[in-house]
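Got your viewer ready? Here is a short tour, with something to select at each stop.

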Amino acid sequence: MRQLLCFGLLLSCFAKAEEFSFRDRDTVVFLGNTFVERAQQFGYLETELALAAGVTEVRFRNLGWSGDTVFGTARSYFGTPKEGFDRLKNDLTGIKPTVVMVCYGAVAAFEGEKKKDEFIAGYGLLLDMIQGATGAREVILLSPPPAETLPAPMPEMAKQNGRLKIYRNAIRELASKRGLRFADLFGAMNGSSEGLTENGLHFGENGYAVVAPKLVEAMGLKAVSLKSEQRDGLREKIMEKNKLFFQQWRPSNETYLRLFRKHEQGQNAKELDEFDAIIVSREAEIMELKGRVMEVAQ
Amino acid sequence: MKTTFFFLISAIALQAQNGLRDIPDPDPGKQEAAFNLPEGMEINLFASDPMISKPVQMNWDSEGRLWLVSSGMYPHIVPGAEENDQLLVLEDTNGDGVADKRTVFADDLHIPTAVLPMDGGVYVANSTEILFLKDTDGDLVADERRVVLSGFGTEDTHHLVHTFSQGPDGMLYFLQSIYIHSHLETPHGVRRLMGGGVWHFRPETQQAEVLSKGLVNPWGFVFDDYGQSFATDGAGGDGINFIFPRAVGVTSPGAKRVIRGLNPGQPKLCGLEILSGSHVPESLRGVMVAPDFRGHRINSYELSPKGSSYQSTQLEGFLSSAHRAFRPIDVKMGPDGAVYIADWYNPIIQHGEVDFRDKRRDHQRGRIWRVTFKDRPLVKKVKIVGAETDALLELLTSPERFQRDFAKQELRQRGKEVLPALRAWTAKQVNESALVEAMWTFQSLNVTPVKLVEKLARSSDPRFRAAALRVVYHRHHEIPKVDQMIEKAVGDENAQVRLWAVSCLAQRPSKTSVPFALRVLDQPMDETLDFALWSIVREHEREWVPLFEAGELTFKGKLKHLLFAIAALEKPLKLNGVFAGLEDGSLKGEERAGAISTIAKVGSAQDLTRLFALPGLGVVGLDALIEAKRVRKLQPDGHREKIVDFLKVQDEGVFHRAALLAGLWKVKPAFGNLKSVFFDESQNQGVRGKAAEGLRYFGGPEVIALFERAIKESSASGTRMLAVKELANLDPARAAVAAVDLLQVDDVSLNKADLLGVFLRSPKASSILAKALDGMTLPRKIAILGVQRAGTTGKPPLDLMKAFEKAGDLKPMAQQLSAGEMQAMVARVQREGDPRKGERIYRKAELQCMVCHAIGVSGGVVGPNLVSIGGSAPLDYLVTSLLNPNDKIKEGYHTTLVTTRDGNSHTGGLVSEGDQEITLRDSAGGFVKIAKADVKSKIVSPVSMMPPGLTASLREDEFVDLVRFLSELGKDGEFQVGSRPFVRNWKVLQPHARTRDLMGHLGPKIFAERFADYQWTPMGSMVGGALPADEMPKVLGRGKNRYGVARFGLDGDGEGPVILKINETQLMHLFDGEKEIPLPKKGAASIEVPAGGDGERFTVSVNSVYRTAPVLIERVEKK
């Protein structure tokens, strides 16, 4: 009954009673597939959330990976999905996030309803792992965003949207069962990405600019309105930091740095640690700039 | 005085010059002067640093501008550095053949590996993504950036998604390589590709699909004038590869079967282009050119249709350079008809093998060279952008491929508004070359010209029929009569058309897809067609198998079809039809053998019972039953005791297999037979060995006691060897002491490597042997063998290796040289190394180089082909590879370590991975099959299959010569495998008592006799093509006479007569079969022989005592 009510009336649909808010020194991990991965290039999602957090110091790590699933399929390199799953566990253990925002389902939805149970079972294992590895105080499940039908000869995506709805509902149910927050991005966008995607699925600069505030609201936070040049200054710094983190977290030449040819180039893996100090100083700059921007805004 | 190498290494003087700084002069003038060009060819510098740097790929646009991605960041970004790799546009505005204008289109890229101007912008491969960049305000600088596809792996930056080209169909084609794992989300669903492969992508629909899989590092891709596609492999050695849908090349993960390229034994090639157009001399038109980047050379190949695929022949080199930093990596025909070559320019090219931060890596330079032909007019530039549509249509029949391709691209750019004009133009064309261009233009516009496709599918030229089917492959949904078209093509008289028919069927799974495809079996088959058919049978399993099982698909009267399908599928199926053919005797020869092995592969226990009951089962059937037991753990469910009858047959081959089966099936009544054969010392060792192995499979205390008794009581070391080996399998602790005793015996007839193998199967067994060795001594060569064998297992047992070193008094080997020692070694190789002596050392049997490595077409396939190793590997790399092989392992040659549930481990290169078994190639080149059911784990091991310490028995000067020889391989000169067709693969006769006894009576003709007990072992020619007489095994004759005897066949399948050109006929006899061919007493000779025959058709013998000349035979087609 309560769920029905909040689905009907609100954009957000958090299963937990109290409102979500960021806490000082929160570390937020974004986890998911292409939607999450590409968000780091445009920075809107992180910028909007950072602004919504106000003066609170929050840092973000994007662990999105194109084509990924709740099983870790895309991060498995040479091994089975299990290895990708374990790699993710290792990444999470290292980052120690306090908040994890998870957005899966867009890939699975292509397989239709018949794969839904398998997806939810896998999602359950993923959540067990996240909670075990991080002890995060908040794990927030996001519904995947809607797809868009572009003019022919691009494919009709109405069917996919139907399937996405089914997966959205299943994720919401999972969140409710586990007492986790659920942010209904699909609902917040009224089940439509019209005019927002580049290929029917994925957003570019303009798409994320529209989607990001909707996601913030779907989480029950208040989007901060800013002049675009102020937002963009902050966003650019965030994008630069994201690039550095990507180069560190998902480096090229992994085969040689840490996998089965590390006897040839493993000596260079230590370079990856050099990113730590660079990222820390960039984050200090981001915080400082955010403070200034917020002051001006107020 | 012979001193071991590891002793001397520390004694090398350190003041020698540092060979690692031997970097060539980067002056472009010097580089230009270093080119070696054939008569009539000219070369000039089109662009050079600092105008450009580090070119990776280049492509032209329709205005004749050259787009180039370049990466100074390669191979790995420095922490905190800007992503600043560039996309450049070069223009030759005054037409003098030199670029005079450069624009930086983008400068924020991260190791961009491909570029293609198209669709009003440019596609760029940018590590994990494919981007589309666009200039919207006309300043030739990108101001729009869109991610088109993401999720490409970056596990290795020289395998990244790369090599863009636009197909004649208007699609974007691109490649990825062995270590890359890609996960793309498209609006049509997720597409994943593990390892190498070829993708195609249609921008209008955003559909991305995998065309073919595999190849190690494919980095050249091209379409010919008929729309067939080809690739070269930058880390594979098969020259040109024919790319057809669903082809699977080497190293594709999980591949059960792969298809090889057209030129095995070629150097690695990067880039590919087909020479065409009026500026190119006629003799070169249609020739494929591909850069041998390691050999500083451009190779050329001529293809001709052969069955469903091609025959590719290497021609004399296109051009080469003596400049060691010339690294041609891309080659493209230009708008002026000249050939453009992108030169990565680097003294070293190694990726993983040389430190990412190695100072010798060049990050600034790069050149584009332009090849023209003297006294031949260049092609005049034509207007394409802004040209009238009718003018563009006329260009579709231009003799210049550049103009045809870009007219088509421009028409695509203009969109559907050109369709009326295109239709009108097409209606006027009669020439099929024009019609095919028209078909592709429609396709480029994402339109299917159904009538035109149907028309070309009826062409009298099979190449056009195949081209039409390629359109059907992609657009079958839009062709109403598609089923009839494909059905007709399945029965086409041309094999390549049939191949495309099968490919089209593969796109359309249905109840009839497999039965239709199998009809190709009614006409001659070849490997390519067989592969495609095998592939569809497996892929469409869910379509045809239920029908077959339900009895709706009977293959009545088409047993051949059924057999193929079952064998390809390798899953249990109803086999009544097959049994009927076996039982009524209608299956004969190869078909019968195929039916038997098929049943053993897929049949149930009941089927195996029925199979075992067949009269005249023979060796084939017994082998099949052994495999069924080993791989599938299945055996006949009754009447197994009949195996005893086979043990009584007077045929060693039958006995060998029956003995194993008796043990594997634990047939009690056979135990006594096996036991008596094992103890009968008058029987030969082979038979007794199989009896012992059979006994071992029974297991238990009785068998252990039996082997212990044999060890204790027998005085024959052969008997003890068999018993120890089998006992060690059952209980290594009980066998270890006796094993050490045997290892101490200096008798070459005892196979000690096999014995060691048993103890190397598990850490427990190797530790037991290590303990037993404590305090004992071993002959030095046995101890070295022990270290080598132990060192190449997936997890080397260090305790055992130490024990061998101690027992053999081996000094610990210097596997790592200090920087100073390495400098000194490199300097010495350059100063003193003699490559000719080095080649003889390379060929020494005890070094075993040739067992594992090929140089060109001769040698083993366990390790990488060394044909061009000298062109790429720096000396320090070669030295380290020899001293510590684990330090340097080439991609595609990693060792797989499979641990089975019984705790044993198996090490080797992964050959294939099927549903039921994993096949490894061990370090001796043999195949090991392991049942999937037995596998506990399978990992890629960091241990090389190249044994450590191979060089321990060399003197330092020998080592220096060996390194020098390797360093010359593939460079211009004596140690480059040329294109002349010398006989390079031989089988040489091992000494046999018969020749000594009967030589006087029968003369050399005795060597040509097809005598079954002769032992022939493979041997390769030297790099120059000759087989040295003194390296052949010395076959005894009368008195002091010794003979070298070799057999060879005629490669290739020409039909006309062949000329054998012999260097020197002195003291030589030559036989065709058993018939002697008269030769002159001495001097060179040319002999004409008919084509055909097998690999042992000819026998050549030389007196190796009195003749010094090597044997050099060239096989020339008679014109």
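**Stop one: a helix pair**

Begin with chain B of this predicted model and select residues 432–444, helix α6 of chain B, together with residues 450–457, helix α7 of chain B; the two pack at an angle of about 140 degrees, with axes 10 Å apart. Look at how they cross: the crossing of α6(B) and α7(B) is left-handed. To see what makes the contact, show side chains for E432(B), L435(B), V436(B), A438(B), M439(B) and F442(B) on α6(B), then add L452(B), V453(B), K455(B) and L456(B) on α7(B). Colour this contact by class and you get eight nonpolar residues, two charged and no polar ones.

**Stop two: where the chains touch**

Now bring chain A into view. The contact between the chains takes 38 residues from chain A and 40 from chain B. Which strands should you pick on the side of chain B that touches chain A? Try β10 (144–150), β13 (181–186) and β14 (189–194) of chain B, each of which supplies at least two residues. The largest share, four residues, comes from β13(B). Recolour this side of chain B by class: 17 residues are polar, twelve nonpolar and eleven charged.

**Stop three: the domains of chain B**

Next, give each domain of chain B its own colour: domain 1 is 34–373, domain 2 is 389–395 + 415–529, domain 3 is 819–968 and domain 4 is 985–1117. Keep domains 3 and 4 of chain B on screen; their C-alpha centres lie 31 Å apart. Their contact takes seven residues from domain 3 of chain B and six from domain 4 of chain B. On the domain 3 side, the residues touching domain 4 of chain B are three nonpolar, two polar and two charged.

Definitions and conventions. Residues numbered from 1 in each chain as written. Chains lettered and ligands numbered in written order. Predicted model: local features only at pLDDT ≥ 70, side-chain atom pairs only at ≥ 80, totals over all residues. Axes fitted to C-alpha atoms, helices over the stretch in contact; angles between N-to-C directions. Left-handed = near helix turned anticlockwise from the far one by under 90°. Contact = placed C-beta atoms within 7 Å. Nonpolar A, V, L, I, M, F, W, Y, C, P; charged D, E, K, R; others polar. Domains from an automatic or database assignment.
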